[in-house]
Amino acid sequence: MKVRKLVISLLSLSALALAGCSQNSKANEKIVHLTEAQEISTLDSSTVEDTGSSAYIGHIQDPLYWEDENNNVTPALAKEMPEKSEDGLTYTIKMRDDAKWSNGDPVTANDFVYAVQRLANPDTGASYAYLVENFENAEGVLKGDRPVEDLGVKALDDHTVEIKLAKPVPYMEHLLAFTNFSPLNKKFVEEKGDAYGSNSENVLASGPFKVEDWDGTGLNWKLVKNPDYYNADKVKIDGADVQVIKEISTRVNLFENGEVDNTILSGELVRQYKDNPNLNFKPKASISYIGVNHKNPLLANKDFRLALDYALDNKEYTEQILATGSTPISTFVPKGLVKNPETGADLVDDANIEPKVDVNKAQELWEKAKAAVPQDSYRLRILSSDDEGSKRVGEYFQGQLENKLPGLKVDLITVPGKNRIAAQRSGDFDLVLAGWLGDYADASNFLDCWKTDNPNNDGKYSNPKYDELLNRASDQDANDPQARYNDFLEAQKILAEDEGIIVLNQGVTAELRNPRVKGATYRSVGNEFDYRTATIDNSAAEK
């Protein structure tokens, strides 16, 4: 606490100005100096799960399509938008013939086919394998009952891809812009084996940058402009130096000294900097939530899950603890993502799910749960990442639950982000502080997470009616926008009624950005940031 008080005192003296002394030594450079709160977990586009790693893969790998800040889809490795059959089941895509890997190999249609097959292959163990579930023959391939070559994707020639679907996918173009569908150089990947993507030496680039100086676990790495990129002449920066700094106060001090070009803020610091012209609020199609392990006998009790929710005040948490401009929410689908086709109303408004905040109700439900699940003692673990912001949030929830639910002991377990994801995936948690950032602009990308057989369903929530609605949305209602919307709306209501997870807030990132860096792409859905469009004006740093 002493350190924080010192930092805030310093900030109060200089909150409206950037120190220019360190920038003088960088007057001619075209390098962005970035900070991150978490390490990269992998550079393997098939197995990546976290948003931070995905963003950096997005800098080094090009998919067939690319999305701007409004998630409008434009060609990348593809020459043009796909040709679709009338029934929406066949996509034919012409690829560029001038794209190369950073080892000089051409990027071909076979590279895309291999990437999709590798994603679907059960041996890969990819959490996002379900993204191919609507491809022809996907069910058998995903179960391991059919070879991956049977999947509905093939190369008609070196630069033409054909995708065959079992059912229409309304968001297909967005899917083809997603990291997991980036082509892969088969010879290189298979040569590296399990080491592929484990460090900067074991990955090839097809995008605007290469990653250098990342050893697989380190807290520093670089983006370096890729001279073999087909659009290299349009990339105006030379790269980025990235360092992981988990303490917000340290990042802020470095920003103030002109040593770094960004830092994420939260809590007191957002309030401290609220009038600073360099503070940017970035809305996100993201949801923060407390994941619940339904295999735990106590958490399998619905009354106890409800007691947890009633004990936690989303509004207080969002406004007083986060203080980032984020908004409390009770739906897993974020606001602003899905509209009613007939009325234009937002799905969140149509769902009309009231927040649960009532300490007396929480304690009543807690007593019912204890009677139903008698134990000698009641103890739960909250799993959290170990960066400063996550630890502070974990401590807040730990205190709230212990204070409001008498007799409940809560242990906070903090580990590096990479380890938190691994523990979450293996089900080694009772409660977990987690979040979901939309990969593509469709309600299915959120609600499908909690289908019984979805690999992202770490807590093993299951409701047959919920599954039925989402299967209907992707099957018989796929070409009926209103019916599909109604399926999603009803599924969201079931998830909330079951208290399948405890939804907290919809995210907004509060970030200090150096005005010397201009034109970067920031998205609310998909990879959060992209520096291929950025330019650097070092004179702006002095203003």
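Which residue in β10 is the bridge partner of isoleucine 31? I looked it up and found glycine 239.

**Basis.** I am working with a predicted model, where local features need pLDDT of at least 70, side-chain atom pairs count only at pLDDT 80 or more, and totals for chains, interfaces and linings use all residues. Residues are numbered from 1 along each chain as its sequence is written, and side-chain values use heavy atoms, with hydrogens and water left out.

**Sheet.** I traced four strands (DSSP runs of E, at least two residues, numbered from the N terminus). They form an open, mixed sheet in the order β1-β10-β9-β8. I noted that β1 (31-36) and β8 (209-212) each have a single partner strand, so one side of each lacks a neighbour in the sheet. I count two strands as paired if DSSP finds at least two bridges between them. β1 pairs with β10 (residues 239-244) in the parallel sense over six bridges. β8 and β9 (residues 220-225) pair in the antiparallel sense over four bridges, and there valine 211 has leucine 223 as its bridge partner.

**Burial of β1.** I checked both faces of β1. Ile31, His33 and Thr35 on one side are buried (under 20% relative accessible area, 1.4 Å probe, protein chains only), and so are Val32, Leu34 and Glu36 on the other.

**Tyr531.** I listed what tyrosine 531 is in contact with (heavy atoms within 4.5 Å), leaving aside neighbours within four places in sequence. Val32 and Leu34 are among the residues found, as are His59 and Phe209.

Key:
Buried < 20%, exposed > 50% of the residue type's maximum accessible area, 1.4 Å probe, protein only.
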